[in-house]
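Trainee: Please take me through a close look at one part of this model, namely the surroundings of the ligands. Then go on to the strands and helices that belong with them.

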Amino acid sequence: MEIVVFGAGSLGSLLGGLLGSEHQVTLVGRDPHIAAVRSGGLSITGTFDQKVRPDATTDGTGLTADLAVVTVKSFDTEDAARSLATGEYDVALSVQNGIGNEETLSEHLDYPVLAGTATYGARLDEPGHVDCTGKGKVTLGARNGGTSSTADDIAATFTAAGIDASAVPDMPRRLWEKLAVNAGINPVTALSRVRNGALGEEPPSEIARTAAVETARVARAEGVDLADETVRSRVDTVVDATARNHSSMYQDVLSGRRTEIEAINGAILERAEGHGIDVPVNRTLAGLLGAWERENTNNGIR
Ligand SMILES: NC(=O)C1=CN([C@@H]2O[C@H](COP(=O)(O)OP(=O)(O)OC[C@H]3O[C@@H](n4cnc5c(N)ncnc54)[C@H](OP(=O)(O)O)[C@@H]3O)[C@@H](O)[C@H]2O)C=CC1
Ligand SMILES: CC(C)(CO)C(=O)C(=O)O
C-alpha cells in the first residue's frame, strides 16, 4: 500500500516508520527531522529496534497515495486538510487526540475520512530517531459508527507491519473514551511535570479520573453511551500501560510548545456549557494550562 503520514513528529514517525517496513511510506514533516530521515533513515528504539528508510518531505501538497494517516496536532488539522486536498488519496485516517479532527478533515476532503485513536507512546528524541515508550493499540473505524470494509483493510495493513490495530463499529464511543483518558492524564502530567506512571499515586490520579468522569457525563449528553466506571478504570489501565511515557501534552510543555488543551479539555468545556453541565475539574485544568500557554508560547500562537 502507498501511505502518506501527514505530521511526522513523534507518533507519525513511529507509525510511519513501522508501516515503512511493509509498505511504501512517505513521511511529511519538518526539518531538521525530515532532512535526517532523508540522509540517514529513521531509527525506532524502545519497544522496537528497527532502522527504516521511508521517503520523507517537508512539502505535503500534491502527493498521491492510497491512504493518508493524519498525525498533526489538532490545532494544525485545518492546515493539513488544505494540503491534503491538493493531493490524491482514497481515504484519510486521523489518529489524533481531541474531538473535531475528522469533521475538519471532511470539510476539506472529497474522499472518505475514518476516525482512529492510538495509545502507543512515542517521543521524537532527536532528528531521525523516535523512541517508542509504550506499546499500545490503534483502533479505527467509520467516524459516525458502523462497519467499514476500508477500515478492516487498513487495520490488516497496520497489523502486517507489526502495529496492533483493529477496526471497530463504535468509533464515536471510542473517541469519547480516549478523550476522557486524555482529559485526565495529559493536563495533569503536563502541569505536575511527571510521567504517566506517577499518576499511580494519589491525589493526582483522582484528579485525572474525575476529569474523565466529567467527560463521560458530557458524552452521554451528546448521545454517546459511556459509563463513569468505564472511564475511571480506563484511566488506570492507560496509566499502567504507558507508565514510562511523557504524555504528548507534557512533551509540549517541556519543549515550550503550544498544547492541545483547546481540542481536549477546552472542547469538553464548550460542549458541557451547551448542555448546561458543570465540569469544574476540566475548567480548572483548561484554565491553568491556558495560562501557561499564554505566558510561554506567545499567547498560544507559535
Ligand atoms: N506522542 C504520543 O505518544 C501520542 C500522540 N497522540 C496524538 O497524536 C497527534 C500527534 O502527536 P505528536 O506526534 O506527539 O505531535 P508532534 O508535534 O510530535 O508531531 C506533529 C508533527 O507534525 C508537524 N506538522 C504540522 N503541520 C505540518 C505541515 N503542514 N507540514 C509538515 N509537518 C507538519 C509538526 O511540526 P511543527 O511542530 O514544527 O509544526 C510536528 O513535527 C496529537 O493529536 C497527539 O495528541 C496520541 C497518542 C500518543
Ligand atoms: C495515551 C496517552 C495518554 C499516552 O501518553 C496519550 O494519548 C498522549 O500522550 O497523548
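Mentor: A polar contact here is a pair of N or O atoms within 3.5 Å. The model is a predicted one, and the distances below should be read with that in mind.

Start with ligand 1. A polar side-chain atom of serine 248 lies 3.5 Å from an oxygen atom of this ligand, so the pair sits at the cut-off for a polar contact. Asparagine 97 also makes a side-chain contact, with a polar atom 2.7 Å from an oxygen atom of ligand 1. Leucine 11 contributes through its backbone: a polar atom there is 2.8 Å from an oxygen atom of the ligand. On its own, ligand 1 would expose 890 Å², and the protein buries 87% of that. Two elements, H1 and S9, each give two or more residues to its shell. The shell holds 21 residues, and the closest are Ser10, Leu11, Asn97, Ala122 and Glu260. By class they divide into seven nonpolar, nine polar and five charged.

Ligand 2 comes next. Its shell is made of Asn97, Lys178, Asn182, Asn186, Asn196, Val238, Asn245, Ser247 and Ser248. By class, one of these residues is nonpolar, seven are polar and one is charged. The nonpolar residue is Val238 and the charged one is Lys178. The most residues come from helix H6 (residues 171–192), which gives three. They are Lys178, Asn182 and Asn186.

Which side chains make polar contacts with oxygen atoms of ligand 2? Asparagine 97 is one of them: an N or O atom of its side chain is 2.8 Å from an oxygen atom of the ligand. Lysine 178 places a polar side-chain atom 3.0 Å from an oxygen atom of ligand 2, and for asparagine 186 the corresponding distance is 3.1 Å. Taken alone, ligand 2 exposes 280 Å², of which the protein buries 95%. Asparagine 97 therefore has polar side-chain contacts, within the 3.5 Å limit, with ligand 1 as well as with ligand 2. Serine 248 also belongs to the shell around ligand 2, in addition to its contact with ligand 1.

The elements around ligand 1 lead to a sheet. It is an open one of four strands in the order S4-S3-S10-S9, and the pairing is mixed. Strands S4 (50–52) and S9 (121–126) stand at its edges with a single partner strand each, so one side of each has no neighbour in the sheet. From one strand to the next the twist averages 25°. Helix H1 (residues 10–19) packs on this sheet, where it touches S3, S4, S9 and strand S10 (129–134). The direction of H1 makes about 100° with that of S9. Helix H2 (residues 33–40) also packs on the sheet and touches S3, S4, S9 and S10, with its direction at about 100° to that of S3. Ser10 and Leu11, listed among the closest residues to ligand 1, lie in H1, while Ala122, listed with them, lies in S9.

Within the sheet, strand S3 (residues 42–46) has partners of both senses. With S4 it pairs antiparallel over three bridges, and a hairpin through three residues joins the two strands. Leucine 42 has valine 52 as its bridge partner in S4, and serine 43 stands opposite lysine 51. With S10, strand S3 runs parallel, over four bridges. One of the pairs there puts isoleucine 44 with valine 130.

H2 also links this part to a second sheet. That one is open, has eight strands in the order S5-S2-S1-S6-S7-S8-S11-S12, and its pairing is mixed. Strands S5 (55–57) and S12 (165–167) stand at the edges, each with a single partner, so one side of each is left without a neighbour in the sheet. Neighbouring strands are turned by 25° against each other on average, direction ignored. Strand S2 (residues 24–28) pairs with S5 in the parallel sense over three bridges, and in S5 the bridge partner of valine 28 is threonine 57. H2 packs on this sheet by touching S2 and S5, and its direction makes about 150° with that of S5. Helix H4 (residues 101–108) lies across strand S6 (64–70), strand S7 (88–94) and strand S8 (113–118), and runs at about 150° to S8.

Terms used. Residues are numbered from 1 along each chain as its sequence is written. Chains are lettered from A and ligands numbered from 1 in the order in which they are written. This is a predicted model: local features need pLDDT of at least 70, side-chain atom pairs count only at pLDDT 80 or more; totals for chains, interfaces and linings use all residues. Side-chain values use heavy atoms; hydrogens and water are left out. Two strands pair if DSSP finds at least two bridges between them. Axes are lines fitted to C-alpha atoms, for helices over the stretch in contact, and angles run from 0 to 180 degrees between N-to-C directions. Contact means heavy atoms within 4.5 Å. A residue is near a molecule or strand if one of its heavy atoms lies within 4 Å of it. A polar contact is a pair of N or O atoms within 3.5 Å; within protein, one must be able to donate a hydrogen and the other to accept it, and residues adjacent in sequence count only if both atoms are side-chain atoms. Accessible areas come from the Shrake-Rupley method with a 1.4 Å probe; for residues, only the protein chains shown count as cover.
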